[in-house]
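Student: I'm new to this one, and I'd like a close look at a single part of it. Could you take me through one strand and then what sits around it?

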Amino acid sequence: MKIIYNKWRIENKGPINGEEMFIHLEEIIKNYNKENGGRGGQCYLQWYKKDGCEEQQLVLTICTPLMSQIHQITQAGEMDFMDDSWSLHHHNNPVFFLCTHHPTGALPLAVWATSSQSQSTISSC
């Protein structure tokens, strides 16, 4: 039964790790950007690379059309803050939310999934 499920998952959801997963993810991002780019939605994927002493961390950036609309409110230009949600750490990939304040509460401006919590990784977001 597990073999059948794994075959179904790969065919319908894509691989769960390795280079094939990133290739599949890039295809999803390309389709998302094509469908939502006109409404302000945008995604970006920076692959993990290590060349000698230099290391480029994995960064997946997501800005939905709704988040793009939030960029237009006054508070978005006044103060922004990052929220690190520990409950969303899957496979040691922290998830960060860039938010702004509003009388109704925090409003999301963007979401990042990264491979590291280092200052250089967060700065590259």
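Student: How many of the 8 residues of strand β7 (residues 107–114) are buried?

Tutor: 6 of those 8 residues in β7 are buried, so the strand is largely enclosed by the rest of the structure. Buried here means under 20% relative accessible area, exposed means over 50%, and partly exposed lies in between (1.4 Å probe, protein chains only). Before going on, keep in mind that this is a predicted model: local features need pLDDT of at least 70, side-chain atom pairs count only at pLDDT 80 or more, and totals for chains, interfaces and linings use all residues. Numbering starts from 1 along each chain as its sequence is written, and side-chain values use heavy atoms, leaving out hydrogens and water.

Now for the partners of β7. Strand β6 (residues 95–100) pairs with β7 in the antiparallel sense, over 6 bridges. One place to look is Phe 96, which stands opposite Trp 112 in β7. These strands form a hairpin with 6 residues between them, and there Gly 105 takes a positive phi near 130°. Strand β4 (residues 59–63) also runs antiparallel to β7, joined to it by 4 bridges. Here you can find Leu 60 facing Ala 113 of β7. As for the terms, strands (E, at least two residues) and helices (H or I, at least four) are DSSP runs numbered from the N terminus, and two strands pair if DSSP finds at least two bridges between them.

Follow the chain on from β4 and you can pick out Ser 68, in helix α3. Ser 68 counts as buried because its relative accessibility is 18%. Leaving aside residues up to four places away in sequence, Ser 68 touches Arg 39, Gly 40 and Cys 63, where contact means heavy atoms within 4.5 Å.

For a contrast, try Leu 25 in helix α2 (residues 18–36). Leu 25 counts as partly exposed because its relative accessibility is 24%. Its C-alpha is 9.3 Å from that of Pro 15, with the two positions 10 residues apart in sequence numbering.

How far can you trust the picture? pLDDT is the predictor's confidence in each residue, from 0 to 100. The protein chain averages 84, and 93% of the residues score at least 70. Confidence is highest in helix α3 (residues 65–70), at a mean of 92, and lowest in helix α5 (residues 119–124), at 73. Where pLDDT is low, the predicted coordinates should not be read in detail.
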